[in-house]
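Visitor: I am new to this structure and would like a close look at a single part of it. Please take me through that part slowly, and then show me how it sits beside the rest.

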Amino acid sequence: MLWDALRLAFVAIIRNKLRSFLTVLGVVIGVAAVIAMVTVGEGSSAQVQASVERLGTNVLVVRPGRVRMGPPLGEPAPRFDLKDAAALAELPIVAHVAPQSNGSYPVVEGNANTSTQVSGTTAEYLIVQNWPLGMGRNFERSEEISGASVCILGQTVRATLFGAGDPIGATVRVRGLSCEVIGVLTARGAGSFGQDQDDLVLIPIKTMQRRLKGDNEVGSISVALLKSVESATGIRTVQALMRDRRQIEIGEGDNFSVTDMRDFNTLLSGVNSVMAGLLSAVAAVSLLVGGIGIMNIMLVSVTERTREIGIRLAVGASEGQVLAQFLIEAVVLSVLGGVIGIALGLALAWGGSIFLAIPFAPSALVVAMAFGFSALVGVVFGYFPARRAARMDPIEALRHQ
Amino acid sequence: MAAPLIAFRNVSRVYGSGEAEVRALADVSFQIAAGEFVAIMGPSGSGKSTAMNIIGCLDRPTFGEYLFKGIAVQGLGQDARALLRRHALGFVFQGFNLLPRQSALENVELPLIYKGMPGPERRARAREALRKVGLEGREGHDPSQLSGGQQQRVAIARALAGQPTVILADEPTGNLDSARGQEIMQLLQALNRQEGITIVMVTHEDDIARHAKRLMVFTDGRLTRDTAVGERV
């Protein structure tokens with residue numbers, strides 16, 4: 001009986017292909033939206049999670065100026081220099097300090113060239129970032145002190161300039177400055193904003209200051225705290241030291257900022273889940289509208305097939321059997337829409353994950369729930385038309401033209 | 001004497017109420033025994049279709065009693081009457097009433113599906129029924145690919161497949177030419193004689209009614225004549 005009802009449902013759906021397709025479009029769109037959004041959301045959460053885990057220990061980033069939206073107010077805040085970094089390194093709660101001075105420069109090797117972010121920093125940068133070398137070596141202390149012309153390439157830069165070749169020992173020109181390649185970083189993939197973290201060249205910070213920028217400034221300082229230190233304690237200690245060094249009076253505001261990278265990533269994943277929630281609400285409305293579409297077309301179908309229902313009742317179908325037949329048809333219709341929607345949503349999420357450079361993270365639970373909800377839509381919105389069919393008077397139904 | 005198969009006891013069927021009240025059947029009593037072949041005649045509006053609907057458990061009397069195999073049908077709900085139709089009754093209609101776009105075999109299987117018969121047994125039974133009505137080899141044809149006479153045979157096979165006690169035929173030859181009509185009547189006679197199936201048939205053609213053994217005539221909602229066929233009044 002169930003098998004026969006399923007077969008009948010498929011026959012009825014295939015007979016009106018275009019109509020069936022338009023009927024389930026609402027469910028398709030609703031399910032596809034949920035699947036695509038949740039999958040992309042999970043992917044970017046996984047991304048954020050991974051970057052949090054990569055950081056390893058508590059890392060604070062100290063920058064000059066307040067972190068605020070809008071145009072800068074008043075005098076620009078004074079920059080940091082290497083003495084600030086040295087002072088931070090003296091703090092007993094600090095494990096590692098990596099000052100950074102960044103710029104965007106063309107990098108050339110033979111005929112190949114690229115424009116990339118160049119970070120002037122120290123050997124400790126790789127420790128703070130928990131970023132192992134893929135090949136070669138880190139900066140040596142003597143190179144940092146002398147401002148030697150050496151560099152470490154990110155994977156994207158290495159691939160652009162050297163392809164499959166071995167870059168160690170080769171010379172690249174960073175805005176005209178010849179640097180020997182001493183190391184290559186491991187691949188890290190996309191960051192929290194989807195930026196390519198491997199599109200990067202590291203050089204000693206003194207090389208940056210003297211040979212490229214011609215100043216003594218430090219753009220930002222990454223501070224890795226000892227594992228036993230709470231990040232709140234770390235932030236307070238760092239703030240106190242910097243206020244003292246920058247001679248900020250009591251009552252005056254900071255002219256620098258201290259950010260915990262973990263807080264930042266937690267915030268990002270919070271934004272992601274709010275977005276997923278909003279889009280799920282939109283998808284729920286779409287499913288509701290899709291369900292009403294199914295109810296509408298099932299009512300038309302019941303009216304069109306009045307005579308068929310009369311015949312079925314005459315040969316001995318019970319109310320329950322007729323009800324089941326039309327209910328199954330509605331459920332098959334909506335589940336079909338759900339399956340198409342799941343496929344479409346996963347395809348969209350897959351495309352989106354490539355475009356946003358985040359992991360493709362399909363969730364079996366979400367797919368199962370989408371499937372369940374589409375079946376539920378069929379039951380809820382198919383019940384009323386099916387009951388109308390089951391309650392027909394066989395004599396009237398047989399007389400219907 | 002065993003209980004009659006079909007017994008009407010002072011059956012009335014009233015539609016509407018008050019001014020608009022229509023009395024389709026008025027105080028009708030009769031009995032039909034197992035194995036009979038009854039033709040019901042009468043002008044339109046005489047109540048013969050209403051009587052057929054009540055016999056077929058599609059409708060219930062407003063007053064009076066209708067006993068089918070001793071069961072008081074007037075007290076039964078929709079589902080209980082569906083069970084009676086499923087297990088004891090077969091219908092043949094003037095307009096054939098086959099399901100379009102389903103093969104002859106699938107049409108004949110229909111009542112068996114509702115009996116919950118498993119697929120292989122169901123198909124074997126349906127093939128056997130089609131063979132009995134002379135449609136061997138047409139199992140896969142759609143109704144639209146069959147002539148009127150063949151479609152009516154499929155409908156008879158469908159009624160037959162459920163192994164009914166009674167076949168109710170409502171103007172079974174009304175849409176057929178007289179040669180096809182005669183063939184259908186011979187088929188029904190054969191089923192009546194060989195399978196012992198009771199047949200109740202509504203018709204308005206004397207030629208067709210002649211094939212029955214008993215003739216009932218309705219006029220204005222009353223049974224006005226009830227004689228053996230060929231008997232003169």
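Visitor: How far apart are the mean positions of the positive and negative charges of chain B? After that, please look closely at the open sheet of 4 strands in chain B.

Guide: The model is a predicted one, and in it the mean positions of the 28 positive and 25 negative charges of chain B are 4 Å apart. Before turning to the sheet, it helps to picture the chain that holds it. Chain B has 7 helices and 10 strands. Its radius of gyration is 18 Å, close to the 17 Å that the globule rule gives for 233 residues, so chain B is as compact as a globular protein of that length. The C-alpha atoms of chain B fill a box of roughly 50 × 40 × 40 Å along the principal axes, and 55% of its 233 residues count as buried. The accessible surface of chain B comes to about 10000 Å², with carbon and sulfur atoms holding 46% of that area. Of the contacts in chain B between residues at least 6 apart in sequence, 68% join residues at least 24 apart.

Now to the sheet itself. Strands of a sheet pair through backbone hydrogen bonds, either parallel or antiparallel. The open sheet in chain B has the order β2-β1-β4-β5, and its pairing is antiparallel. Its edge strands are β2 (22–32) and β5 of chain B, each of which pairs on one side only.

Walking across from the β2 edge, one meets the pairing of β1(B) with β2(B), which is antiparallel and runs over 7 bridges. Within that pairing, B:Tyr15 has B:Val22 of β2(B) as its bridge partner. Strand β1 of chain B, which covers residues 6–15, also pairs with strand β4 of chain B, residues 63–68, in the antiparallel sense over 5 bridges. There, B:Ile6 is matched with B:Phe68 of β4(B) as its bridge partner.

The walk ends at the other edge, where 2 bridges join β4(B) to strand β5 of chain B, residues 71–72, again in an antiparallel arrangement. In this last pairing, the bridge partner of B:Leu67 is B:Ala72 of β5(B). The strands β4(B) and β5(B) form a hairpin with 2 residues between them, and in this hairpin B:Lys69 takes a positive phi near 50°.

For a setting beyond the sheet, one can turn to chain A, which has 13 helices and 10 strands. The radius of gyration of chain A is 32 Å, well over the 21 Å that the globule rule gives for 401 residues, so chain A is more spread out than a compact globule. Its C-alpha atoms fill a box of roughly 100 × 55 × 40 Å along the principal axes, and 48% of the 401 residues of chain A count as buried.

One helix of chain A gives a view of such burial: in α7, residues 205–213, the buried residues are A:Ile205, A:Thr207, A:Met208, A:Gln209 and A:Leu212. The cover over the buried residues of α7(A) includes the helix α3 (82–90) and the strands β2 (94–109) and β3 (112–121) of chain A. Just after α7(A), A:Gly214 takes a positive phi of about 70°.

How values were computed
Residues numbered from 1 in each chain as written. Chains lettered and ligands numbered in written order. Predicted model: local features only at pLDDT ≥ 70, side-chain atom pairs only at ≥ 80, totals over all residues. Heavy atoms only, no water. Rg over C-alpha atoms; globule rule 2.2 N^0.38 Å. Buried < 20%, exposed > 50% of the residue type's maximum accessible area, 1.4 Å probe, protein only. Pairing = 2+ DSSP bridges. Contact = heavy atoms within 4.5 Å. Areas by Shrake-Rupley, 256 points an atom, 1.4 Å probe, with all protein chains shown as cover. Lys, Arg positive; Asp, Glu negative; His and termini not counted. Charge placed at Lys NZ, Arg CZ, Asp CG, Glu CD.
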